[in-house]
Amino acid sequence: GRLEAVTQQMGYHPQYLDSFLKMQHYLMHMDGPLPFDCRHYIAIMAAARHQCRYLVNLHVLQFLRAGGDPQWLRGLDFIPPKLRNLNEINKILAHRPWLITKEHIEKLLKISEWSWSLAELVHAVVLLAHCHALASFVFGCGCEQDEGHGGRGSLKPLSPGNQCFCEATAGNGCGQELLRINRKRSLDSCMELDSLRERVQRIHVETEGREEMRLLQQDREEGEERGAEADAQDGRSWLSPPADTNGEVAGATNLACYTQDPDFGYQDFARRDEDQTQVFRIQDYSWEDHGFSLVNRLYSDIGHLLDEKFRMVDGLQSSAMAKRQGCEPSVFKRGVWNYIHCMFGIRYDDYDYAEVNQLLERMLKVYIKTVTCYPEKTNSEMFDRFWKQFKHSEKVHVNLLILEARMQAELLYALQAITQYMI
């Protein structure tokens with residue numbers, strides 16, 4: 001009966017959780033351009049770019065339950081060329097989305113045996129952006145560290161009888177009856193949202209109380225001197241990924257088969273005065289005026305669900321964090337949002353970016369940049385040791401802002417490239 005970790009964490013904000021679950025359920029389990037097994041495999045590919053074992057393990061199970069071919073789990077060399085061709089756009093979107101061009105889109109859509117349709121590609125792009133951003137949330141809230149160690153992020157393993165190992169066939173992989181059964185078994189579709197909300201509210205009240213007590217006890221044990229020393233650190237040591245005895249990222253070898261060009265990662269976006277042409281101006285292409293209508297036209301109703309989620313996170317209250325900075329909640333949230341978009345080269349002409357340094361403490365900026373740009377480099381200390389004066393729910397709120405701002409940034413670049421291709 002344990003709720004999985006992402007649901008627990010988002011449950012600190014039940015209205016947002018409702019919106020998130022509706023969108024994810026539609027994306028993964030309802031009718032759409034892509035077969036069900038392919039959706040989960042694309043999610044595996046996206047999560048593997050950030051070495052997120054938590055999401056990879058989750059979607060491996062769901063891939064098999066949807067009738068996916070177990071051979072595909074041996075890696076990218078064992079999947080159809082059509083799916084493998086998605087690897088390049090997956091890599092770029094995950095780390096440097098400003099490099100996406102209409103040529104990448106054209107290459108996938110060109111007439112051939114393995115070409116994508118526009119509707120299929122939009123579905124895939126939303127999946128990739130969703131899973132990249134969700135990986136940031138998983139690492140930012142510590143779900144990845146808990147996974148596999150019996151902590152709050154542990155996934156309840158499925159018994160062999162609950163897994164679908166049938167051979168993949170044409171179309172959606174499994175027969176319609178099996179798909180109906182699989183949908184019924186899935187976490188998102190077997191729980192009513194009202195019931196889920198009640199459970200989450202009970203759990204997060206209890207969890208937050210335990211978390212505050214744990215932090216108080218931890219502070220007593222560490223002592224003021226050690227705490228002051230830790231707070232004075234410049235944060236660079238926290239940017240080092242957890243390593244095994246060989247100095248490699250823990251678990252990376254397990255996911256290597258799902259990635260190519262593993263050294264390709266985030267690089268600081270070019271300064272505006274160095275390359276004016278690269279800057280993405282939100283006034284020229286925005287979600288509200290351009291992205292929403294395009295995605296909704298090619299993948300029916302997903303635009304409405306995404307838009308609801310963006311609006312929901314914008315409406316969450318952050319009065320304590322804003323009060324600490326001496327500003328209104330909306331000003332604080334806009335500072336976080338615009339700072340994240342700025343790291344991906346998206347600029348707002350009507351915003352004074354000097355406010356970012358005034359609103360966001362340096363260590364908070366380090367945290368936001370790490371979780372946004374290279375979440376796999378976070379470690380178990382970061383979530384607990386940042387902003388001790390804030391409640392657990394307020395830390396989760398910041399991670400929700402990171403999730404949604406990052407997802408929208410990736411979508412804007414991909415949808416703009418699709419628009420340019422269509423013109």
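**Rings, charges and unusual backbone angles**

In this predicted model, the charged end of Lys91 is placed over the ring of Phe264, 4.7 Å from the ring's centre. A second lysine, Lys377, lies over the face of Tyr374, with 5.1 Å to the ring centre. Tyr374 also belongs to an aromatic cluster, together with Trp98, Tyr266, Phe269 and Phe344.

Aromatic rings meet elsewhere too, and the structure holds 15 aromatic pairs. One of them joins Tyr41 and Trp72, whose ring centres are 5.8 Å apart; their planes stand at 90°, so this pair is edge-to-face. The two partners come from distant parts of the chain, 31 residues apart: Tyr41 sits in helix α3 (residues 36-49), while Trp72 is found in the loop between α4 and α5 (81-84). Tyr41 is buried, at 0% relative accessibility, and Trp72 is buried as well, with a relative accessible area of 10%.

Helix α4 (residues 53-65) contains Leu61. Because its relative accessibility is 21%, Leu61 counts as partly exposed, the cut-off for buried being under 20%. Leu61 and His40 are 21 residues apart in sequence, and their C-alpha atoms are 9.0 Å apart in space.

Now to the backbone. Most residues other than glycine have a negative phi. Asp261, however, has a positive phi, near 55°, and Asp301 has a positive phi near 75°. Asp261 is located in the loop between α13 (252-255) and β1 (280-281), and Asp301 in the loop between α14 (287-298) and α15 (302-315). Asp261 is partly exposed at 38% relative accessibility; Asp301 is partly exposed with a relative accessible area of 40%.

Definitions and conventions. Residues numbered from 1 in each chain as written. Predicted model: local features only at pLDDT ≥ 70, side-chain atom pairs only at ≥ 80, totals over all residues. Heavy atoms only, no water. Helix = DSSP H or I, 4+ residues; strand = E, 2+ residues; numbered from the N terminus. Buried < 20%, exposed > 50% of the residue type's maximum accessible area, 1.4 Å probe, protein only. Phe/Tyr/Trp six-rings, centres within 6.5 Å; stacked < 30°, edge-to-face > 60°. Lys NZ or Arg CZ within 6 Å of the ring centre and 35° of its normal.
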